[in-house]
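Me: Please take a close look at one helix and what packs around it. Keep it brisk, and give me the cut-offs as you go.

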Amino acid sequence: MRKRLRKKKYIGEFKEWGVTISITRSPDPDFHIFLDEFIEQGLESNGCYFTGTSKEDSLDGFIDLGRSFDQAEAKLAKVNAWLDKRSDVKNYTTGKLTD
């Protein structure tokens with residue numbers, strides 16, 4: 001398959017890795033502050049992108065970790081470490097890496 005088509009279909013060297021995530025946190029009026037910090041410190045600082053939905057006590061979505069499988073695992077470990085440090089996060093679950 002030609003490079004242009006591989007890029008268009010996100011296959012081969014153009015695969016993009018990601019993972020589903022579900023976060024449950026303690027009810028807190030500062031949810032928007034948590035959300036801003038999660039996006040800025042937990043994701044964007046690691047070169048990740050997020051899409052999802054939220055309520056006051058939960059956040060569900062998909063994290064785009066980039067093209068390299070090895071870097072995707074490292075980025076996911078950094079996001080997990082950031083979540084582990086948070087006292088307001090009750091628990092979180094991540095799915096398996098998908099392309």
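Reply: Here is a walk along the last helix, then its surroundings.

The model is predicted: local features need pLDDT of at least 70, side-chain atom pairs count only at pLDDT 80 or more, and totals for chains, interfaces and linings use all residues. Residues are numbered from 1 along each chain as its sequence is written, and side-chain values use heavy atoms, with hydrogens and water left out.

Start with the layout. The chain has three helices and four strands. Helices (H or I, at least four residues) and strands (E, at least two) are DSSP runs, numbered from the N terminus. Their order from the N terminus is α-β-α-β-β-α-β. The C-alpha trace spans about 50 × 20 × 20 Å along its principal axes. Of the 99 residues, 31% are buried. Buried means under 20% relative accessible area, exposed means over 50%, and partly exposed lies in between (1.4 Å probe, protein chains only).

Now α3 itself. It covers residues 69-85. The end C-alpha atoms of α3 are 25 Å apart; 17 residues at 1.5 Å each should span 24 Å, so the two agree. The expected span is 1.5 Å times one less than the number of residues.

Which residues of α3 are buried? They are Ala 72, Lys 75, Leu 76, Val 79, Asn 80, Trp 82 and Leu 83. Seen down the axis of α3, these buried residues fall within an arc of 155°, so they line one face of the helix. The arc is taken from the directions from the helix axis to the C-beta atoms. On the other side of α3, Asp 70, Lys 78, Asp 84 and Lys 85 are exposed.

What covers the buried residues? For α3, the cover includes β1, α2, β3 and β4. Contact here means heavy atoms within 4.5 Å.

Helix α2 is one of those partners. Its own buried residues are Phe 31, Phe 34, Leu 35, Phe 38, Gly 42 and Leu 43. Their cover includes α3, along with β1 (17-25), β2 (49-54), β3 (58-66) and β4 (89-94). Helix α2 (residues 31-43) also has a kink of about 25°, centred on Glu 37. The bend at a residue is the angle between axes fitted to the seven residues ending there and the seven starting there.

Next, the loop that leaves α3. Asp 88 sits in the loop between α3 and β4. Asp 88 counts as buried because its relative accessible area is 11%. Its side chain makes a polar contact of 3.1 Å with the side chain of Arg 86. A polar contact is a pair of N or O atoms within 3.5 Å; within protein, one must be able to donate a hydrogen and the other to accept it, and residues adjacent in sequence count only if both atoms are side-chain atoms. Leaving out residues up to four places away in sequence, Asp 88 touches Arg 25, Ser 26 and Phe 34.

Strand β3 is another part of the α3 cover. Ser 58 lies in β3. Ser 58 is buried because its relative accessibility is 17%. Beyond residues up to four places away in sequence, Ser 58 touches Ile 23, Phe 31 and Thr 53. Asp 60 is also in β3. Asp 60 is partly exposed, at 34% relative accessibility. Its side chain joins that of Ser 22 through a polar contact of 2.7 Å.
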